[in-house]
Each structure stands twice: as C-alpha cells, then as structure tokens.
Amino acid sequence: MLIYFIIAIVGTVFLLVSGILGEVFDFFGAGDVDVDGGGSFFSGKVIAVALTAFGAAGMLTSYYDVEPLLGAIISALAAMALGGAAAWLIEK
C-alpha cells in the first residue's frame with residue numbers, strides 16, 4: 001500500500017504545482033501533442049490526475065485485500081478513465 005500512497009502523493013503534488021505554475025511539462029514539449037485538435041493526453045495536469053487516480057485506487061484495493069494483479073488492473077483502469085475525463089474537461 002505504501003507504493004500506491006507514494007504514487008498518489010506524487011500525482012497530487014504535480015497537480016498542485018501545475019495548477020499554481022501552469023503547465024509544468026511544457027519545457028519537455030509534451031503539451032504540444034494534440035488529441036483531435038483539442039487537449040493533450042500528455043498534459044501535465046492529465047498525467048497528474050492519472051497518477052493520483054492510480055495511487056488512490058491502488059490504496060483502496062489494497063485496503064480491501066483485492067489480489068495484487070487485479071488491484072493493479074483496477075488501478076490502471078481508474079487512471080485511464082480519470083485521465084481521459086481530465087483531458088476532455090481541460091479541452092472544454
């Protein structure tokens with residue numbers, strides 16, 4: 001559970017920094033990749049939301065004694081769903 005907690009904290013810190021300073025990852029050029037002419041899945045905010053969702057879902061699955069492989073799959077699905085939702089909302 002500690003690793004999931006660390007991932008969730010890192011994602012939260014990146015999200016806070018991105019919210020305060022703007023796109024943190026712009027110097028990598030990652031924010032330049034557009035999806036359907038709109039937002040980017042490589043946006044710092046989207047990555048931060050996905051990391052936070054992965055870590056939080058992993059902590060929940062660990063708490064409820066879900067098998068580790070199934071917990072990782074659930075965490076990955078949560079990260080993709082919330083990251084996709086964040087990309088869609090940021091685009092609007």
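The legends below accompany close-up views of a predicted model of one protein chain.

**View 1. The protein chain as a whole, built from helices.**
In this predicted model, the protein chain holds 3 helices and 0 strands, and its pattern along the sequence reads α-α-α. The chain has 92 residues, of which 25% count as buried. It exposes about 5900 Å², and carbon and sulfur atoms supply 75% of that area. Where contacts link residues at least 6 apart in sequence, 65% of these contacts join residues that are at least 24 apart.

**View 2. The packing of helix α2 against helix α3.**
Helix α2 covers residues 44-63, while helix α3 covers residues 68-91. The axes of α2 and α3 lie 7 Å apart, and the two helices pack at an angle of about 150 degrees. Because angles over 145 degrees count as roughly antiparallel, α2 is described as roughly antiparallel to α3. The crossing that α2 and α3 make is right-handed.

**View 3. The residues that meet between α2 and α3.**
On the α2 side, the contact is made by K45, V46, V49, A50, A53, F54, A57, G58 and T61. On the α3 side, these residues are met by G71, A72, I74, S75, A76, A78, A79, L82, G83, A86, A87 and I90. Taken by class, the residues of this contact between α2 and α3 comprise 15 nonpolar, 5 polar and 1 charged.

**View 4. T61 in helix α2 and the residues around it.**
T61 is found in helix α2 and is among the α2 residues that meet α3. The relative accessible area of T61 is 8%, and T61 therefore counts as buried, since the cut-off for that class is under 20%. When its neighbours within four places in sequence are left aside, T61 is in contact with V66, G71, I74 and S75. Of these partners, G71, I74 and S75 are also listed among the α3 residues in the contact with α2.

**View 5. V46 in helix α2 beside A86 in helix α3.**
V46, another residue of helix α2, has a relative accessible area of 4% and is buried. Along the chain, V46 and A86 are 40 residues apart, yet their C-alpha atoms are separated by 5.7 Å. Both residues appear in the contact between the two helices, V46 on the α2 side and A86 on the α3 side.

Notes
Residues are numbered from 1 along each chain as its sequence is written. This is a predicted model: local features need pLDDT of at least 70, side-chain atom pairs count only at pLDDT 80 or more; totals for chains, interfaces and linings use all residues. Side-chain values use heavy atoms; hydrogens and water are left out. Helices (H or I, at least four residues) and strands (E, at least two) are DSSP runs, numbered from the N terminus. Buried means under 20% relative accessible area, exposed over 50%, partly exposed in between (1.4 Å probe, protein chains only). Contact means heavy atoms within 4.5 Å. Accessible areas come from the Shrake-Rupley method with a 1.4 Å probe; for residues, only the protein chains shown count as cover. Axes are lines fitted to C-alpha atoms, for helices over the stretch in contact, and angles run from 0 to 180 degrees between N-to-C directions. Angles under 35 degrees count as roughly parallel, over 145 as roughly antiparallel, 65 to 115 as roughly perpendicular and the rest as oblique. A crossing is left-handed if the near helix is turned anticlockwise from the far one by less than a right angle, and right-handed if clockwise. Ala, Val, Leu, Ile, Met, Phe, Trp, Tyr, Cys and Pro count as nonpolar, Asp, Glu, Lys and Arg as charged, and the others, Gly among them, as polar.
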